[in-house]
Amino acid sequence: RAAAENGGSAPAIIAVAGAGRVRRVISYEELVAKAASTVARLQAALRSSEASGSRTVTDDLLIAAIVMDKSWEQVVAVHAVLMAGGAYLPTEPRLWPEARVRDVLDA
């Protein structure tokens, strides 16, 4: 947050993405804004799953598996989980055997 407040326009992420190898620069301010938006969606999804009875929200630590290719979007997702007070579980779906990915996600 301090970086976003003190140097909001400074580059936070410089990424190359997609088949066309497009260069994408995300400022700290944009990173925090996108992560905050993702936090709101994450919290809404958790409330919805609790209300439907498919999940019980407790005071336990939120652990979120991030199953994404390496990208600026993955960085936003990680920051969102951390901003929500949780911990993220990095996965490597392209490198790990399918059974291992399933075991990690089912745990």
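**Note on the predicted structure**

Is V32 buried, exposed or partly exposed? V32 is partly exposed, because its relative accessible area is 25% and the classes are defined as buried under 20%, exposed over 50% and partly exposed in between (1.4 Å probe, protein chains only).

1. **Basis of the note.** The structure is a predicted model, in which local features need pLDDT of at least 70 and side-chain atom pairs count only at pLDDT 80 or more, while totals for chains, interfaces and linings use all residues. Residues are numbered from 1 along each chain as its sequence is written, and side-chain values use heavy atoms, with hydrogens and water left out.

2. **Overall fold.** Four helices and four strands make up the secondary structure elements of the protein chain. Here helices (H or I, at least four residues) and strands (E, at least two) are DSSP runs, numbered from the N terminus. Their order along the sequence is α-β-β-α-β-α-β-α.

3. **Burial and surface.** The protein chain has 107 residues, and 23% of them count as buried. Its accessible surface is about 7300 Å², a value obtained by the Shrake-Rupley method with a 1.4 Å probe; for residues, only the protein chains shown count as cover. Carbon and sulfur atoms account for 54% of that surface.

4. **Contacts along the sequence.** A contact means heavy atoms within 4.5 Å. If one takes the contacts between residues at least 6 apart in sequence, 44% of them join residues at least 24 apart.

5. **The largest nonpolar core.** A nonpolar core is a set of buried Ala, Val, Leu, Ile, Met, Phe, Trp, Tyr and Cys residues joined through side-chain atoms within 4.5 Å. The largest one in this model consists of seven residues, namely I26, L31, A35, V39, W72, V76 and A80. Helices α2 (28-51) and α3 (72-83) are the elements that give two or more residues to this core. Apart from it lies another core of five residues, including A64, I66, A77 and V81. As a general background, nonpolar side chains in soluble globular proteins tend to be buried together.

6. **Two residues of helix α2.** A35 belongs to helix α2 and counts as buried because its relative accessibility is 0%. Beyond its neighbours within four places in sequence, A35 is in contact with V76, H79, A80 and M83. A35 and E73 are 38 residues apart in sequence, and their C-alpha atoms are 9.4 Å apart in space. V32 also lies in helix α2. The C-alpha atoms of V32 and M83 are 9.2 Å apart, although 51 residues separate the two in sequence.

7. **S27 in strand β2.** S27 is part of strand β2 (residues 22-27). With a relative accessible area of 15%, S27 is buried. Its side chain makes a polar contact (a pair of N or O atoms within 3.5 Å; within protein, one must be able to donate a hydrogen and the other to accept it, and residues adjacent in sequence count only if both atoms are side-chain atoms). The partner is the backbone nitrogen of E30, at 3.0 Å.

8. **T91 in a loop.** T91 is placed in the loop between β4 (87-90) and α4 (98-106). T91 counts as buried because its relative accessibility is 3%. A polar atom of its side chain lies 2.9 Å from the backbone oxygen of I66. Leaving aside neighbours within four places in sequence, T91 is in contact with A65, I66, V67, W96 and V104. T91 and V101 are 10 residues apart in sequence and 7.3 Å apart from C-alpha to C-alpha.

9. **V104 in helix α4.** V104 lies in helix α4 and is partly exposed, with a relative accessible area of 23%. Neighbours within four places in sequence aside, V104 is in contact with L89, T91 and W96. The C-alpha atoms of V104 and L89 are 9.0 Å apart, with their positions 15 residues apart in numbering.

10. **The second largest pocket.** On a 1 Å grid over the protein atoms alone, a pocket is an open set of points where a 1.4 Å probe fits, with protein on both sides within 12 Å along at least five of seven lines; lining residues have an atom within 4 Å of a point. The second largest pocket has a volume of about 180 Å³, where grid points are joined across faces, edges and corners and the volume is the space filled by probe spheres set on the points. Its lining includes T38, L42, L46, L62 and I63. Elements α2, β3 (63-66) and α3 each give two or more residues to this lining, and β3 gives the most, with four.
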